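Trainee: I would be grateful for a close look at a single part of this model, namely the contact between its chains. Please set that part in the context of the chain that contributes to it.

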Protein chains: 2
Amino acid sequence: MVFDEHGWPVDAALRCVLETVSPLGIERVPLTRARGRVLAEDLCASRDLPPSAVSMMDGYAVRSTDVATVPVGLAVTEEICAGRQPRFALAAGQCARIMTGAPLPAGADGVVRVEGSRRLSGDQVELLESASIGHHVRPQGDSMRAGDVVMQAGCELVPGAIGVLATLKVVQVRVHRLPRVAILSTGDELEALDAPVDPLKIPDANSYALMAQVQALGIEPDLLGIAPDEPVALQAALARGLEIADVLLVSGGFSVGEHDYVQQTLQALGVKQHFGRIAMRPGHPLMFGSHAGGHVFGLPGNPVSSMVCFELFVLPALRRLMGHRRVCRTEVRARLLEPIRTHPQRTEFVRVRLTRDDEGRWLARPTGAQGSALLQSMMLADGLLRAPVGAGGLAAGDEVRVHLLDQAVFRVADTFGEHT
Amino acid sequence: MVFDEHGWPVDAALRCVLETVSPLGIERVPLTRARGRVLAEDLCASRDLPPSAVSMMDGYAVRSTDVATVPVGLAVTEEICAGRQPRFALAAGQCARIMTGAPLPAGADGVVRVEGSRRLSGDQVELLESASIGHHVRPQGDSMRAGDVVMQAGCELVPGAIGVLATLKVVQVRVHRLPRVAILSTGDELEALDAPVDPLKIPDANSYALMAQVQALGIEPDLLGIAPDEPVALQAALARGLEIADVLLVSGGFSVGEHDYVQQTLQALGVKQHFGRIAMRPGHPLMFGSHAGGHVFGLPGNPVSSMVCFELFVLPALRRLMGHRRVCRTEVRARLLEPIRTHPQRTEFVRVRLTRDDEGRWLARPTGAQGSALLQSMMLADGLLRAPVGAGGLAAGDEVRVHLLDQAVFRVADTFGEHT
């Protein structure tokens, strides 16, 4: 594909990324480490659950015909606890004290809850409520039946799914392995986190912001540090990154400057470039390439641009490698509170804070100055407002699309119940 | 407070939880482990960033007066790379080749981008574009000024905040410590994950579903296993849980049955109960108590009820202990696709899947059977629809509130760009 000087449209670039990467191979992990991973096998139930009909209440297991007319006095044969086998079948005129989750005795077909009973003596009870067949009874196999496919490959192991795996007694589970991610910053102007302050340099924020974005997906990246603008050292650092990682993230070194050797060095190392520029702001100079052992994203040197590119392209790539079907961030609709000017030929992503109106609808307000070096704007943002190409600007009151960031997943409690 | 037989309203119970727990003490963690934690100190910038005025483009640093009329030929004094000190001040008729991020030489007050230039010879360039004062220049201190409070205590360490910490060169950061959480299941009917199959028992799903819910908050809980319905062993297990944990989660043993010793044992161990029942479904029998060393939630034995109670009460408690201000899950508004019947006297939480209509608005559809033992419903759910008390039911088309669960944070890519 060839696009104009502004580069690839955002959607075309995302499509390219998602068509290029595919889920990684399979490994076995213990159930205690499986949360957030993606199941790589279908799993069947090996038994019925519950294994037999059980009571859903504390009460009395009865023959429904015996309690068709109430009140009625019945003889109590035994007390049945959860996890214990009933000893006696019920004959006419008999019932059994039963606990929640305990198996029904033979002959019983319903349960009267304890609140509907009056104990008369040690082995006599008066039942005040009737029970139709199946009343307060969970039938055998209600949750699952032996042989049922209970979980399918591709299932995201959210907490509910981990509970189902425990129900299936899966101690080790086959999941897609996590991508190995390496992070390299480039540029002689960068100062390492543990280096002394140099008045000519700026701290390397990109390595750590990207690290945290990767960690938020459950992946622990390798930090390769800062490569200098010097061909031999740069080539060595890039070669190492390509060797150890499924996905190498390089930030900086992708502008038109003569000292940006990154692109040509990657090419020399066998990386085939899919695209090199995106018609978006921030994040215009974004490179995506592949080699025999994995993929490379060349991210802009400005921290905000780099983080926005991660959200839009790297995150979906990593989630696809992990086997997820849901690879992109959720978006919400919001009403814009302030007018904004946007780039007429590029999709613009504006950092916004989200609040609610009285009816609980989302409201979006820009975080303030949107310069791509102003990392505080990403610290404050709940989301990225996506302003389409060609708009040139948005007015207060416009309905906009907002890509939710990590901190939008939670809210303060003060609004809880406000909209009941 | 005294409420009717249905128990405490959901909002009153949440308020009680949030008024009872408060943020834990402070510890220092390395920046590489700080993501998701909450900052416990204000942090100031120790220097201006950028440390001096820098170019935002690759191009030529100029005196704006020299390029008031273009094209104009200027003498190139030097080439200034990012991270290097300029050697010469600009005199009239001079300019300097400059790279993105490089400091402006003395005398320069604007930048002409390289695309607006034509190199004539080794030290002569023709500039085709003019530059006003400050054009393509990032002023000194644009990102932050020495002494500015850049981050405040209470800040959630999302990836953007981790980047800002790196900018401040914070190698170790003071954060609220994470709560220690212990999980104990109770009930003779439960079978441990690694125990052989017993036809009278059911697998312990609660321990693992709760484990995963806790892990999703970045906390690794202690799994205390299954306590039997036997007073001495149960007391020992509960005492151990209270001793080691800031928050003990006990599931099962909170119904009215004679074999549910949990409540009285906790009381004997010094736990003061705040509430014992909530007017909600699922999750009615929920106990919350405190003792000198921490807090206890007594969760229902049914896995779905237990998970829903976690979402609504335990998650906010744990996030408050971690120091978060945003303690509750985000909610969205959705349109209900199917009528549902709900409990008239209790707030009902219905597991739903979320999709979108053509305009990108949320649609909610129940996951199917809503029995509180049907853990598959939590595996499939994107959210919990909150049906208020008194409604008795909701109609197709009603606008509803949906509490978002983990998997709703991401979406499939197919809809990307659909609503552009």
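Mentor: A suitable starting point is the salt bridge in which the side chains of R47(B) and E191(A) meet, with N and O 2.5 Å apart; the term denotes a side-chain nitrogen of Lys or Arg within 4 Å of a carboxyl oxygen of Asp or Glu. The model is a predicted one, in which local features need pLDDT of at least 70 and side-chain atom pairs count only at pLDDT 80 or more, whereas totals for chains, interfaces and linings use all residues. Residues are numbered from 1 along each chain as its sequence is written, chains are lettered from A and ligands numbered from 1 in the order in which they are written, and side-chain values use heavy atoms, with hydrogens and water left out.

Across the interface of chain A and chain B the rule finds 12 salt bridges, and 52 are found in the structure over all chains. The interface also holds 37 residue pairs in polar contact, both residues being at pLDDT 80 or more. Such a contact is a pair of N or O atoms within 3.5 Å; within protein, one must be able to donate a hydrogen and the other to accept it, and residues adjacent in sequence count only if both atoms are side-chain atoms. On the side of chain A that touches chain B, the largest share, eight residues, comes from helix α2 (residues 159–167) of chain A. Helices (H or I, at least four residues) and strands (E, at least two) are DSSP runs, numbered from the N terminus. By class, this side of chain A has 59 nonpolar, 20 polar and 36 charged residues. Here Ala, Val, Leu, Ile, Met, Phe, Trp, Tyr, Cys and Pro count as nonpolar, Asp, Glu, Lys and Arg as charged, and the others, Gly among them, as polar.

Contact, defined as heavy atoms within 4.5 Å, involves 115 residues from chain A and 116 residues from chain B. The area buried between the two chains is about 9,600 Å², and carbon and sulfur atoms give 60% of this area. Buried area is the accessible area (1.4 Å probe) that two parts lose on being put together, summed over both.

Strand pairing also crosses the interface: strand β22 (residues 328–329) of chain A runs antiparallel to strand β30 (residues 410–411) of chain B, and two bridges join them. Two strands pair if DSSP finds at least two bridges between them. Within this pair, R329(A) stands opposite F410(B) in β30(B).

Turning to chain A itself, its domain assignment gives domain 1 (10–24 + 178–321), domain 2 (26–49 + 159–176), domain 3 (54–138) and domain 4 (331–415); such bounds come from an automatic or database domain assignment. The C-alpha centres of domain 3 and domain 4 of chain A lie 60 Å apart.

Chain A also has a salt bridge between R145(A) and D48(A), whose closest N and O atoms are 3.9 Å apart. R145(A) lies in the loop between β10 (137–138) and β11 (149–151) and D48(A) in the loop between β2 (43–44) and β3 (54–55), so the pair ties together parts that are 97 residues apart in sequence. The loop between β2 and β3 of chain A also holds P50(A), and the peptide bond from L49(A) to P50(A) is cis, with omega near -10°.
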